[in-house]
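Colleague: I've got the sequence and the model open side by side. Mind walking me through what's in there?

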Amino acid sequence: MNVHKTKIEWATHTWNPVTGCFHGCPYCYARSITRRFEPHAVERPMNPDAITGEKDFPGLAIVKEPVRLMDERGVYSRSTPYPCGFRPTFNDYTLDYPEKRLIPSRIFVSSMGDLFGEWIPTEWIMAVFEACKKAPRHTYLFLTKTPVRYCILDEITGALPIENNYWYGATATDADQMSDACEAFWALSGEAKTFLSIEPLMCDITKTPAWNRYMFPAVSMDRLCVDWIIIGAMTGPGASKNRPRREWVENIVFDAHTLHIPVFMKDSLAPVWGKDLIREFPADMPKAENGKKLVPRCRECEHVGAVQQGKRGTSYTCEKLGKHIPGTQSNRSPLWCPKREGVQ
């Protein structure tokens, strides 16, 4: 549940303050992953008080701390990030994770759920926004199948943050979703940064009424409906039977580039497009550091003192503060290191 590196090509990390959803998509990767890690039939939480929320939010859950599981003998078996399965869950204990990560990253928020689903309480969304504001060095990428929720939040005294590092995406795989996404993005008046995730590509999306109604009028109205387009094919079971046609992809790329909208192709499109995948990012999207180590490293610091302790290895001390450096921290630095101050 931490801010983890991800194989999702358009992000560098994922963070899941909210997991689970009620959409019921047949191709959902998040549901299948959750099934692997949720409690088994013979397991139950060792700290059941960590799970609350049913009283105030029927059908939903709030997790206050990491949940440890025990088997039928009462013996610890493992920890799980999904103690409630795929039931929509607010993982309250994860809200400070972006703040702890000092390297600027491109974070996909709630990759294992839908933060803006109609069933999600507004206070959960606002809590996530507040956590994001405490770590403005990161770029936050949100994605939902309910983009109208963006508009509703924007109308609530401007509750939707409008900054270059907040990007609001909508999934558009058919005509209805395309219409919902474009209507929502157009209603945001071009202020918010928006993107379409056309994944899995299941039809020629450029032939839908919403595409032609909202995309090309933007040329004459001096603003775009969307700032970025991501395209991907279905993966997992049924992928070979639902492979998109190359002409569908070509149509998207042609229309997007006509409007100077950047296009990003996921690896899943390689069998359709070839190895020369288009990987464009918006020019005004903040850049992630991609592993650049901005956190001080004790072993490279002029204040570190090292003492060889025979077979036990080397002991490190901060001579400036007179503190022992834990072995697990010497490759980075302890949180009390003064050199961490001001690191962005």
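Colleague: Let's start with a cysteine. Is Cys 182 buried or exposed?

Modeller: Residues count as buried under 20% relative accessible area, exposed over 50%, and partly exposed in between (1.4 Å probe, protein chains only). Cys 182 has a relative accessibility of 1%, so the verdict is buried.

Colleague: And how far is the sulfur of Cys 182 from the closest cysteine sulfur?

Modeller: A disulfide is a covalent bond between the sulfur atoms of two cysteines. Here the cut-off is a pair of cysteine sulfur atoms within 2.5 Å. The closest cysteine sulfur to that of Cys 182 sits in Cys 225, too far for a bond, at 4.0 Å.

Colleague: How many disulfides does that rule give?

Modeller: Take another cysteine, Cys 301: its closest cysteine sulfur is in Cys 337, 6.3 Å away, so that is too far for a bond as well. By the rule, the number of disulfides comes to zero.

Colleague: Before we go on, what am I looking at, and what is the mean pLDDT of the chain?

Modeller: This is a predicted model, where local features need pLDDT of at least 70 and side-chain atom pairs count only at pLDDT 80 or more, while totals for chains, interfaces and linings use all residues. Residues are numbered from 1 along each chain as its sequence is written, and side-chain values use heavy atoms, with hydrogens and water left out. pLDDT is the predictor's confidence in each residue, from 0 to 100. In this chain 95% of the residues reach 70 or more, and the mean is 89.

Colleague: Which element has the highest mean pLDDT?

Modeller: Elements here are DSSP runs numbered from the N terminus: helices (H or I) of at least four residues and strands (E) of at least two. The chain has nine helices and 18 strands. Helix H7 (residues 217-221) has the lowest mean pLDDT, 73, and the highest, 98, belongs to strand E11 (residues 139-144).

Colleague: E11 it is, then. Which helix joins E10 and E11 in a β-α-β unit?

Modeller: Strands pair if DSSP finds at least two bridges between them, and E10 and E11 run parallel with three bridges. In that pairing Ile 107 stands opposite Tyr 140. The unit is right-handed (with the strands pointing away from the viewer, the path from the first strand over the helix to the second runs clockwise), and its helix, residues 122-133, is H3.

Colleague: What is the bridge partner of Trp 15 in E10?

Modeller: Strand E2 (residues 13-15) runs parallel to E10, and three bridges join them. Both faces of E10 (residues 106-109) are covered, with Arg 106 and Phe 108 buried on one side and Ile 107 and Val 109 buried on the other. The partner of Trp 15 is Val 109.

Colleague: Phe 281 caught my eye. Is Phe 281 buried, partly exposed or exposed?

Modeller: Phe 281 lies in the loop between helix H9 (270-273) and E16. Leaving aside neighbours within four places in sequence, its contacts (heavy atoms within 4.5 Å) are Glu 9, Trp 10, Arg 106, Trp 228, Pro 262 and Phe 264. Its relative accessibility is 32%, so Phe 281 counts as partly exposed.

Colleague: Which strands stand at the edges of the sheet E16-E17-E18?

Modeller: Those three strands form an open sheet with antiparallel pairing. Each edge strand has a single partner strand, so one side is left without a neighbour in the sheet: these are E16 (304-308) and E18 (323-325).

Colleague: What is the bridge partner of Leu 69 in E8?

Modeller: E4, E7 and E8 make an open sheet in that order, with antiparallel pairing. E7 and E8 are joined by four bridges and form a hairpin with five residues between them, where Gly 74 in the turn has a positive phi of about 85°. Across from Leu 69 in E8 is Arg 78.

Colleague: Last one: which residues does Asp 71 touch?

Modeller: Asp 71 is found in the loop between E7 (67-70) and E8 (76-80). With a relative accessible area of 10%, Asp 71 is buried. Not counting residues up to four places away in sequence, Asp 71 touches Val 42, Arg 44 and Ser 77.
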